[in-house]
Amino acid sequence: MLRNTKKEWLIAYILVAPFVAIYGLIFVYPTVDMFILSFQDAPLIGTGDFVGTENYERLPRDRRFNTAFWNTAYFVALTVIPGTLVALAISLGVTRLSGRLQSLVLALFFLPYILPVSVVFRIWDWTMNFQFGIAMHLLDALGLERVPVFQTSTFFMPAVAFVTIWWTCGFSVLLFLAGLRAIPQEIYEAASLDNTSRWRTFRHLTWPLLWPITALVLTIQLILQLKIFDQVYLFSQGGRPNDNLVMVYYIFQRAFVNNQGGRAAAIAVVLFIMVIIIAALNFQLMRLSERNK
Amino acid sequence: MSDIALNSVTKSFGGVKVIDRISLEVKSGEFVVFLGPSGSGKSTLLRMIAGLETIDEGTLTIGGKRSEHLAPGQRDVAMVFQNYALYPHMTVRDNMAFGLRNIRMDKDKIEERVQTAARILEMDALLDRRPAQLSGGQRQRVAIGRAIVKEPAAFLFDEPLSNLDAALRVRTRVELAELHQNMKSTMIYVTHDQTEAMTLADRIVILNNCRIEQIGSPMEVYLKPASRFVAAFVGSPGMNFLKADLSGRGAEQVSTLGNGARIALQVDLPPGAYELGIRPEAIQVTPSPADTSGKATVVERLGDRTLVHLHLDDGTELIALDGGLSEVRPGDTVHLKFDTSQLHLFDDDGMAHHAR
């Protein structure tokens with residue numbers, strides 16, 4: 001059959017067009033607009049006067065930006081690697097089970113992941129609330145003093161990190177399980193004939209063979225946790241929002257509370273560049289380890 | 001080098017019995033092949049010796065040491081898997097050295113053993129490559145090398161050649177035979193390929209339905225199969241089976257085939273209905289009328305020999321072996337002579353009785 005190349009191209013363009021239009025409208029256009037906005041003295045709605053790089057120059061001197069930056073870094077440190085390790089440990093345990101028991105245990109670990117953040121907040125508020133939290137009654141019973149977990153800056157970030165790991169690690173467990181199942185059983189049989197101890201089996205077989213999945217989980221976690229907002233926003237209610245600021249929260253404050261769209265856009269651009277740099281570094285790290293294989 | 005003895009070992013998966021009271025002795029330095037169709041339990045039996053499957057009942061002794069409760073690594077055996085089971089992220093050298101490092105062997109000694117194994121298997125140049133950079137045959141060598149460096153009491157092979165192409169399979173088969181002759185180690189080899197079994201084994205153990213059908217040297221198994229199953233399973237092309245009525249006693253014993261042909265033979269059996277077995281090479285194509293005759297349907301010329309597929313008058317199918325320069329053509333009526341010393345009769349239970 002003779003092919004009409006022109007017609008094929010036309011059909012291809014028509015099929016791709018809806019995606020390109022929507023992508024341009026709701027992603028490319030707002031992104032470009034945000035970059036422009038970050039150089040303007042704009043309110044939340046509408047444009048403002050061009051002010052050059054002033055919005056950016058303010059940031060290093062801005063105490064709240066500093067808090068937000070370091071809190072975000074602290075939160076990422078508390079969640080990404082610990083969360084990945086917890087998920088790995090759980091998946092190593094789950095993979096040893098079989099049949100229905102495995103499905104049941106996996107479902108239990110995955111359950112938190114399907115909860116909306118508001119429910120997660122309610123559950124943990126009920127648990128750790130200073131006045132009526134279940135954990136507080138436990139502290140009472142042990143004769144210890146009650147701790148206002150979400151009202152103290154020392155405990156706030158670690159507590160939110162803990163809740164976040166509890167909430168999101170189910171997905172990482174699934175990824176790790178898929179990775180573990182992809183390692184042929186025969187390799188472990190050969191290892192058992194090779195007198196390999198459990199630790200050496202993990203260290204020299206499971207860990208290196210699972211590394212691509214580990215790197216993937218790390219990258220997903222990193223990008224996700226850099227964008228932390230909901231949990232901090234919810235748990236800060238009635239607490240000390242200004243001490244608990246994270247990047248996205250600060251963007252929200254500048255734009256929607258202080259009506260300073262231009263300054264909010266500048267912070268958003270900084271976060272955007274941070275995510276890109278870190279994701280690129282992570283990708284390089286993965287490639288490096290790939291070459292070592 | 002070591003004896004391996006299995007004493008009425010039994011294994012079930014759930015409610016399904018896969019190994020039923022099997023007893024077997026493998027002598028030190030012997031090459032034993034477990035031969036059987038898929039599902040016969042041959043691989044399970046090997047894995048039970050390796051320790052990869054538990055033994056439900058019975059005992060296993062390796063080199064005089066009770067081993068059924070030992071972990072795989074403590075049984076002093078090495079196994080070569082069908083899919084090689086190499087560690088994909090390690091170099092060939094590391095693949096071989098890994099097991100030795102696990103038992104904290106001296107570094108120099110490990111290197112020495114790796115070098116020796118590499119020399120035996122002619123893969124010195126491959127030591128720094130990873131499995132992904134090797135061909136199937138090279139990977140199989142590495143798997144064998146990984147077994148050799150351990151200097152085990154016994155080598156266990158689980159269908160090691162089934163993933164190789166035909167030409168490579170023949171070559172590797174010969175190399176394995178040479179390896180056994182040089183190392184004189186105890187080897188147990190699982191296969192469903194009767195050619196591998198015939199060519200490699202000192203003794204063949206034929207398994208079927210979770211039980212041993214026969215244990216014997218390749219020629220014993222071929223010439224004096226213990227049962228109809230063994231007779232049918234060993235040999236290519238397979239044995240011919242014909243209906244036969246045995247009558248008369250002593251020197252007057254005669255078996256009458258379905259087409260009425262009468263063949264005199266000597267066998268210790270009472271008269272009755274049996275199945276007569278005869279291998280293609282025991283049926284001779286003759287120019288003049290002999291025991292019986294049939295019509296050639298298909299003639300397969302293999303160069304050195306010719307396989308003549310025949311139909312007897314009663315519809316029985318038969319294969320006869322003729323010389324390479326056979327003049328038989330499809331449609332010809334062919335006279336056949338049976339070598340009466342190579343006849344086997346099978347009773348209703350499938351037990352074999354051999355003609356004298």
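Two strands are said to pair if DSSP finds at least two bridges between them. I begin there because that criterion underlies much of what I shall say about chain B in this predicted model.

Let me take strand β9 of chain B, residues 203-208, as the starting point. Five bridges join β9(B) to strand β10, residues 211-216, and these two strands run antiparallel. One of the bridges can be located by residue: B:N208 has B:R211 as its partner in β10(B). Together β9(B) and β10(B) form a hairpin with two residues between them. In that turn, B:N209 has a positive phi of about 50°.

β9(B) also pairs with strand β3 of chain B, residues 31-35, here in the parallel sense and over four bridges. In this pairing B:L35 is matched with B:I206 of β9(B). As a general matter, strands of a sheet pair through backbone hydrogen bonds, either parallel or antiparallel.

Chain B also holds an open sheet of six strands, in the order β13-β12-β11-β14-β20-β21, with antiparallel pairing. Its edge strands are β13 (262-264) and β21 (352-354), each of which pairs on one side only. Neighbouring strands in this sheet are turned by 40° against each other on average, direction ignored. At the β13 edge, three bridges join β13(B) to β12(B), residues 254-257. There, B:S255 has B:I263 as its bridge partner.

I turn now to backbone geometry in the loops of chain B. Most residues other than glycine have a negative phi, and most peptide bonds are trans. Which peptide bond is cis? The bond from B:S236 to B:P237 is, with omega near 0°. B:P237 sits in the loop between α8 (228-233) and β11 (240-247) of chain B.

B:E159, which is not a glycine, has a positive phi of about 45°. This residue lies in the loop between β7 (154-158) and α5 (166-183) of chain B. Is B:E159 buried or exposed? It is buried, because 21 other C-beta atoms lie within 10 Å, and the cut-off for burial is 20 or more.

B:K184 likewise has a positive phi, near 55°, and is found in the loop between α5 and β8 (186-191) of chain B. B:K184 has 13 C-beta neighbours inside 10 Å and so counts as partly exposed.

Let me move to chain A. Helix α7(A), residues 153-181, and α9(A) have axes that come within 9 Å and cross at roughly 165°. The two helices are therefore roughly antiparallel, since angles over 145 degrees are classed that way. The crossing is right-handed. On the α7(A) side, the residues that meet α9(A) are A:S172, A:L175, A:F176, A:G179 and A:L180. Their counterparts in α9(A) are A:L210, A:I213, A:L216, A:V217 and A:Q221. By class, this contact has seven nonpolar, three polar and no charged residues.

Elsewhere in chain A, A:F27 lies in helix α1, residues 5-37. A:F27 has 10 C-beta neighbours inside 10 Å and therefore counts as exposed.

Finally, the contact between the chains. Chain A contributes 15 residues and chain B contributes 16 residues. On the chain A side, α8 (185-193) and α9 (198-226) each supply at least two residues. The largest share, six residues, comes from α8(A). The chain A side comprises seven nonpolar, three polar and five charged residues.

Note on methods: Residues numbered from 1 in each chain as written. Chains lettered and ligands numbered in written order. Predicted model: local features only at pLDDT ≥ 70, side-chain atom pairs only at ≥ 80, totals over all residues. Contact = placed C-beta atoms within 7 Å. Nonpolar A, V, L, I, M, F, W, Y, C, P; charged D, E, K, R; others polar. Axes fitted to C-alpha atoms, helices over the stretch in contact; angles between N-to-C directions. Parallel < 35°, antiparallel > 145°, perpendicular 65-115°, else oblique. Left-handed = near helix turned anticlockwise from the far one by under 90°. Buried ≥ 20, exposed ≤ 12 C-beta atoms within 10 Å, placed from the backbone.
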